[in-house]
Amino acid sequence: MNKLKFRVWDKKHKFYVWDRSVYLSGDGELEVFNCKTRNKDYFVIQQFTGKIDIVGTEIYEGDICEMHMSANDKSNVKEQYGVYVVYRGDNGEFKIKTIKKNWFHCFGDNAMIYDFNILKVIGNIFENKKLLK
């Protein structure tokens with residue numbers, strides 16, 4: 001069974017809130033300590049997918065990833081990799097959406113993330129918006 005983990009983006013102050021400062025109350029409400037803003041509209045919760053990339057980094061929804069040719073591929077030839085963003089589908093499953101296609105992976109935007117052990121996290125949708133272009 002996968003461990004449930006989350007990270008929280010503070011939209012107002014533009015940083016990830018330290019994980020020990022955030023918890024879900026008994027009624028499922030987000031609580032954030034040591035923040036001047038208690039408005040929950042300022043926060044985005046992102047769930048850990050339960051997957052680890054090819055260098056050992058945890059993959060969360062909202063992460064931007066490269067897709068390598070194999071789990072042993074440590075090449076730095078960036079032009080050969082496609083770029084994908086991880087998101088949660090309507091049924092709660094984690095999927096990837098194509099940002100930049102590559103020549104060796106031909107699949108739609110609704111590919112389930114558990115199908116891939118060849119992802120490498122290169123950023124996230126909040127701190128690395130230039131990767132989405």
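Is Met67 buried or exposed? In this predicted model, Met67 is buried, with a relative accessible area of 0%. I shall begin from that residue and work outwards.

Met67 is placed in strand β7. In sequence, Met67 and Lys120 stand 53 residues apart, yet their C-alpha atoms are 6.4 Å apart in space. Met67 also belongs to the largest nonpolar core, a set of ten residues. Its other members are Ile59, Cys65, Tyr84, Val86, Ile96, Ala111, Ile118, Leu119 and Val121. Three elements give two or more residues to this core: β7 (63-67), β8 (82-88) and β11 (119-124). Apart from this core lies another, of five residues, including Val8, Val17, Val22 and Phe43. In soluble globular proteins, nonpolar side chains tend to be buried together.

Let me stay with one member of the ten-residue core, Val121. With neighbours within four places in sequence left aside, Val121 is in contact with Asp53, Thr57, Glu58, Ile59, Asp63, Ile64 and Cys65. Two of these contacts, Glu58 and Asp63, return shortly in the salt bridges.

I turn now to the chain as a whole. The chain has eleven strands and zero helices, so that reading from the N terminus gives an unbroken run of β elements. Of its 133 residues, 42% are buried. Among contacts between residues at least 6 apart in sequence, 46% join residues at least 24 apart. The accessible surface comes to about 8,400 Å², and carbon and sulfur atoms account for 51% of that area.

A word on confidence is in order. The average pLDDT of the chain is 78, and 72% of the residues score at least 70. Confidence is highest in strand β6 (residues 58-60), at a mean of 94, and lowest in strand β4 (residues 30-32), at 70.

Next, the charged pairs. How many salt bridges does a search of the whole structure find? The search finds four, and I shall describe three examples.

One of them joins the side chains of Glu58 and Lys5, at 2.4 Å from N to O. Glu58 lies in strand β6 and Lys5 in the segment before β1, so this pair ties together parts that are 53 residues apart in sequence. Glu58 is partly exposed, at 28% relative accessibility, and Lys5 is also partly exposed, at 23%.

Another is formed by Arg7 and Asp63, whose closest N and O atoms are 2.6 Å apart. Arg7 sits in strand β1 and Asp63 in strand β7, and the pair links distant parts of the chain, 56 residues apart. Arg7 is buried, with a relative accessible area of 16%, and Asp63 is buried, at 2%.

A further bridge brings together the side chains of Glu61 and Arg88, at 3.1 Å from N to O. Glu61 is in the loop between β6 and β7, whereas Arg88 is in strand β8, 27 residues away. Here Glu61 is buried, with a relative accessible area of 11%, while Arg88 counts as partly exposed, at 36%.

Finally, the surface. Which residues make the nonpolar surface patch of about 370 Å²? The patch is made by Leu4, Phe6, Leu24 and Ile45. Of these, Leu4 has its place in the segment before β1 (6-10). Leu4 is exposed, because its relative accessible area of 62% is over the 50% cut-off. Met67, with which I opened, is by contrast buried, at 0%.

How values were computed:
Residues are numbered from 1 along each chain as its sequence is written. This is a predicted model: local features need pLDDT of at least 70, side-chain atom pairs count only at pLDDT 80 or more; totals for chains, interfaces and linings use all residues. Side-chain values use heavy atoms; hydrogens and water are left out. A nonpolar core is a set of buried Ala, Val, Leu, Ile, Met, Phe, Trp, Tyr and Cys residues joined through side-chain atoms within 4.5 Å. Buried means under 20% relative accessible area, exposed over 50%, partly exposed in between (1.4 Å probe, protein chains only). Helices (H or I, at least four residues) and strands (E, at least two) are DSSP runs, numbered from the N terminus. Contact means heavy atoms within 4.5 Å. pLDDT is the predictor's confidence in each residue, from 0 to 100. Accessible areas come from the Shrake-Rupley method with a 1.4 Å probe; for residues, only the protein chains shown count as cover. Patches are made of residues with over 30% relative accessible area and no salt bridge: like charges are joined within 9 Å, nonpolar side chains (Val, Leu, Ile, Met, Phe, Trp, Tyr) within 5 Å.
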